[in-house]
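Subject: Structure handover and findings

Dear colleague,

I am passing on the structure we spoke about, together with an account of what was found in it. Please look through the sequence and the coordinates before reading the notes that follow.

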Amino acid sequence: MINLHDIPEKGASVLMREATSLSPFDYGLEYSAPVRGTWNIVHIGMLIPESHQIFVCAQSCLRGVVLTAAELGAMDRFSTITIEENNVLDGDMEKLIVEGVTDILDTLTVRPRAVLIYTSCIHHFMATDLELVYKQLADSFPEVAFVDCYMNPIMRKSKLTPDVTMRRQLYRLLKPADLDSKQVNLIGNNTMTDENSELITMLKAGGYKLLDISSCKTFDEFMTMSKSQANISFHEAAVEAGEDLKRRMGQEHLHLTASYDYKIIRENLTRVSEYFKLPLPDFSALEQETEDKIEHTAKLLAGRPIAIDYTAVDQPLGLARLLISHGFTVTAVYADSYVKQEEESFNWLKEHAGNLRLNGTLHWKMRMLPRDKSQLLAIGQKAAYYTSTDYFVNIIENDSCFGYHGIRKLMNMIEEAVITPKDTENIIQVKGWGCCG
């Protein structure tokens, strides 16, 4: 017999100095922590205004997405088509989708401007002719824009992940148009970038109109993104979307890594300045202001331990490096792997913070390892869960933080979090934190 409550942490946790790669853990059996704040394909699809989602799946596969839509209060924008055994045996998948979608659209009281159809892995196993399906639907409903989306868990760790694919498919509705030299899109974000970010203030001062799907109120407004001369992305999961728009529509794509390294922030803003012909801000003043804010926050925490997770920020190692280099006490980072852009921070931490502990989030042992209640400050919901703390910064995917201003805003969040405890258990159970449907 194995006592699962007295297991070694090996395999699920490693000291920074002992980590050998950006993917430090091997996986088999996995544990899914009850932390629901990250967005899934339903939440992301809801960003398209005046749209309706239709999931075509087996009944057991529909449970999660139905609960997501119900929790959002968005069942009026959500429908399902159930695949039965006879559909598999009879080979009538194309007919099932066309007739099912037709019936749904004919019964809706308001005809949606766009319909997102989510097919599942069984359609690909059976080589369903989806091109035929979408042609027939487009012929029957010329006033509706259809986009192919996928609920395909077999892609989770190979090829393009469902998250990357979903962010790309959002913008497949956009069609080539005459480009407006004074209009720019921010793509791949779930929330608007803070308007006080240096990037935003630079572009607005230069007379540029900024569009972001997360702020579009109507489908027509969303479709005007077709006219933008360039797309700017921050998240690694949005890179494919930017490159796809560049291939299809001739829009330039500028990927600006959401970094905590002053050098990278300067490079990002310089790139924007050169491409859009904008004056650069005063880096020295911005960095001094940021340094002052970080110093103030460090003094407030007075050595209080910190844990960071990947759901809060795109580059948790980069954030750990920033904090440790400024006197903060970071004890743990929770992530299962790290992006290539984190390699420099990975190597720095190995040299300067060898006792920093890297913890997985999916390894089955994480279910059993101790989570004693503590006064630790967590940055991110998974870090809060795994450390059983009520003091945490509740952000998803960097929230609206970017650049120097983003760092200062994060410091404000840390200061607020260390003073005011949260109801962690209830907060982390809310799916798609910040999504209103």
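A salt bridge makes a convenient starting point: the side chains of Glu-240 and Arg-247 meet in one, with a distance of 3.0 Å from N to O. Arg-247 is exposed, its relative accessible area being 57%. This pair does not stand alone, since salt bridges with shared partners join Arg-168, Arg-172, Glu-240, Asp-244, Arg-247 and Arg-248 into one network. Please bear in mind throughout that this is a predicted model.

Helix α10, which covers residues 239-249, is also the place of Glu-243. Glu-243 counts as partly exposed, at 29% relative accessibility, and its C-alpha atom lies 9.2 Å from that of Leu-254, although the two residues are 11 apart in sequence.

Across the whole structure the search finds 22 salt bridges, and two others deserve a description here. Side chains of opposite charge can pair when their charged atoms come close. Asp-163 forms a salt bridge with Arg-167, in which the closest N and O atoms are 2.8 Å apart. Both residues belong to helix α7 (residues 162-170), where they are four residues apart, or about one turn of the helix. How do the two partners stand with respect to the surface, buried or partly exposed? Asp-163 is partly exposed, with a relative accessible area of 28%, whereas Arg-167 counts as buried because its relative accessibility is 3% and the cut-off for that class is under 20%. The other case is the salt bridge of Asp-106 with Arg-111, whose closest N and O atoms are 3.9 Å apart, a value to be read against the limit of 4 Å that the criterion sets. Arg-111 is partly exposed, at 33% relative accessibility.

Turning to the sheets, there is an open one of four strands, ordered β3-β2-β4-β5 and paired in the parallel sense. The strands β3 (78-83) and β5 (145-151) stand at its edges, and each has a single partner strand, so one side of each is left without a neighbour in the sheet. From one strand to the next the twist averages 20°. Within this sheet, strand β4 (residues 114-120) pairs with β5 over seven bridges, in the parallel sense, and one of the residue pairs involved is Ala-114 with its bridge partner Ala-145 in β5.

Two helices can be described in relation to these strands. Helix α4 (residues 93-107) packs on the sheet and touches β2, β3, β4 and β5, its direction making about 150° with that of β3. Helix α2 (residues 59-72) lies across β2 (51-58), β3 and β5, and runs at about 155° to β2.

Another open sheet is formed by six strands in the order β1-β12-β11-β10-β13-β14, and here the pairing is mixed. Its edges are taken by β1 (13-15) and β14 (392-393), each of which has a single partner strand, so that one side of each has no neighbour in the sheet. Which strands pair with β10? Strand β10 (residues 305-309) pairs with strand β13 (residues 377-379) in the parallel sense over three bridges, and Ile-308 has Ile-379 as its bridge partner in β13. The pairing of β10 with strand β11 (residues 329-334) is likewise parallel and runs over five bridges, among them one in which Pro-305 is partnered by Thr-329 of β11. Strand β10 is mostly covered, as four of its five residues are buried.

Gly-303 is found in the loop between α12 (283-301) and β10. Gly-303 counts as partly exposed, at 39% relative accessibility, and its C-alpha atom is separated by 7.7 Å from that of Gly-327, which is 24 residues away along the chain.

The last item concerns the surface, where Val-88, Phe-125 and Met-126 form a nonpolar patch with about 260 Å² of accessible area together. Met-126 sits in the loop between α5 (121-125) and α6 (130-140). The relative accessible area of Met-126 is 31%, and this residue is partly exposed; membership of a patch requires over 30%, so Met-126 meets that condition.

With kind regards

Definitions and conventions. Residues are numbered from 1 along each chain as its sequence is written. This is a predicted model: local features need pLDDT of at least 70, side-chain atom pairs count only at pLDDT 80 or more; totals for chains, interfaces and linings use all residues. Side-chain values use heavy atoms; hydrogens and water are left out. Patches are made of residues with over 30% relative accessible area and no salt bridge: like charges are joined within 9 Å, nonpolar side chains (Val, Leu, Ile, Met, Phe, Trp, Tyr) within 5 Å. Accessible areas come from the Shrake-Rupley method with a 1.4 Å probe; for residues, only the protein chains shown count as cover. Buried means under 20% relative accessible area, exposed over 50%, partly exposed in between (1.4 Å probe, protein chains only). Two strands pair if DSSP finds at least two bridges between them. Axes are lines fitted to C-alpha atoms, for helices over the stretch in contact, and angles run from 0 to 180 degrees between N-to-C directions. Contact means heavy atoms within 4.5 Å.
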